[in-house]
Amino acid sequence: MEQRFVMKCGGSTLAALPDGFFQELKELQQDGVKPVIVHGGGPAISESLTKLGIASEFVNGLRVTSDEVLDVVEMVLAGAINGEIVRKIMQSGADALGLSGVDGGLITAAPVDNADEIGFVGDVTDVKASLIEGVMAMNYIPVIAPIGIDASGQRYNINADTAAGAVASHLGVERMIVVTDVPGIMKEIDGKKRVLPSVTAAEIEEMIASGDIYGGMIPKVRAAMKCIHGQVKEVVIVSGQEPGVLTRAVREGGVGTRITASEGGAL
């Protein structure tokens with residue numbers, strides 16, 4: 001079977017990625033690897049909301065999303081950021097096609113459990129994998145904005161990590177790569193912060209409880225764990241600033257932090 005991988009990247013992280021990263025993406029695609037990108041854009045959304053005089057509120061790392069906020073989320077994610085990523089990929093010489101989860105009903109969503117306090121934030125109930133596969137078959141890199149939709153046409157803001165995990169699971173890929181601005185999950189060992197080469201889901205829960213993992217990293221790692229089912233065996237968290245990081249993560253391993261369901265779960 002062809003080699004595919006799903007990569008999740010924050011919008012602000014992506015904007016800061018060196019040209020070499022996009023060059024790598026192109027080379028991987030030329031070698032027959034099929035990348036799928038799911039992106040976020042939290043800081044850019046907050047910036048646009050501030051300009052419009054709308055307050056940003058968060059509950060457990062997820063943005064409180066009113067109808068008014070949802071319009072801005074869609075404008076920033078499916079518009080500005082999605083277009084910027086597609087342009088950068090095209091400039092490298094690869095082909096990319098931008099999609100929102102609303103396009104063709106790509107991502108079906110339902111309200112999260114605490115929707116009464118958080119608004120139109122969604123959990124993914126289905127992903128139309130055939131649509132993504134069709135785009136890949138035409139040799140385009142799908143670039144997906146994490147907006148979902150339900151049968152009534154209601155849109156939902158979906159955490160990009162959650163959306164990427166769902167896309168990976170529905171595509172049946174074995175490895176998902178999360179590109180961040182940190183080299184992996186860090187832990188203080190002997191007074192120095194070090195990158196953990198691999199962690200299990202149980203170890204992550206312990207680190208969240210102890211405060212080693214905190215803030216915006218919590219939804220990232222929780223979503224990473226969520227997508228480890230079906231064909232997905234592991235999620236790798238890496239820094240996009242490291243030269244050659246993508247090729248190493250896809251082909252060799254030994255970079256960033258590998259998250260597996262349990263000990264030996266990804267052998």
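**Exercise 1. Where is the place of Tyr-140?**

Before starting, note that this is a predicted model, in which local features need pLDDT of at least 70, side-chain atom pairs count only at pLDDT 80 or more, and totals for chains, interfaces and linings use all residues. Residues are numbered from 1 along each chain as its sequence is written, and side-chain values use heavy atoms, with hydrogens and water left out.

*Solution.*
- Step 1: Tyr-140 sits in the loop between α6 and β8. Helices (H or I, at least four residues) and strands (E, at least two) are DSSP runs, numbered from the N terminus.
- Step 2: With a relative accessible area of 31%, Tyr-140 is partly exposed. Buried means under 20% relative accessible area, exposed over 50%, and partly exposed in between (1.4 Å probe, protein chains only).
- Step 3: Asn-139 is also found in the loop between α6 (129–137) and β8 (141–145). Its relative accessibility is 47%, so Asn-139 counts as partly exposed.

**Exercise 2. Find the phi values of Asn-139 and Asp-190, and place Asp-190 in the chain.**

*Solution.*
- Step 1: Recall the background: most residues other than glycine have a negative phi.
- Step 2: Asn-139 has a positive phi, near 65 degrees.
- Step 3: For Asp-190, phi is positive too, near 55 degrees.
- Step 4: Asp-190 lies in the loop between β12 (186–189) and β13 (192–195). Asp-190 is exposed, at a relative accessible area of 74%.

**Exercise 3. Is strand β15 enclosed or open, and which strands pair with it?**

*Solution.*
- Step 1: Check burial. Six of the six residues of β15 (residues 234–239) are buried, so the strand is largely enclosed by the rest of the structure.
- Step 2: Split the strand by face. In a regular strand the side chains alternate between the two faces of the sheet. On one side of β15, Glu-234, Val-236 and Val-238 are buried, and on the other Val-235, Ile-237 and Ser-239 are buried.
- Step 3: Look for partners; two strands pair if DSSP finds at least two bridges between them. Strand β11 (residues 175–180) pairs with β15 in the parallel sense over six bridges, and Ile-177 stands opposite Val-236.
- Step 4: Strand β16 (residues 257–260) runs antiparallel to β15, joined by four bridges. Here Ile-237 stands opposite Thr-257.

**Exercise 4. List the buried residues of helix α9 and their packing partners.**

*Solution.*
- Step 1: In α9 (residues 217–226), the buried residues are Met-217, Pro-219, Val-221, Ala-223, Ala-224 and Met-225.
- Step 2: These buried residues pack against α7 (160–171), α8 (201–210), β15 and β16, where contact means heavy atoms within 4.5 Å.
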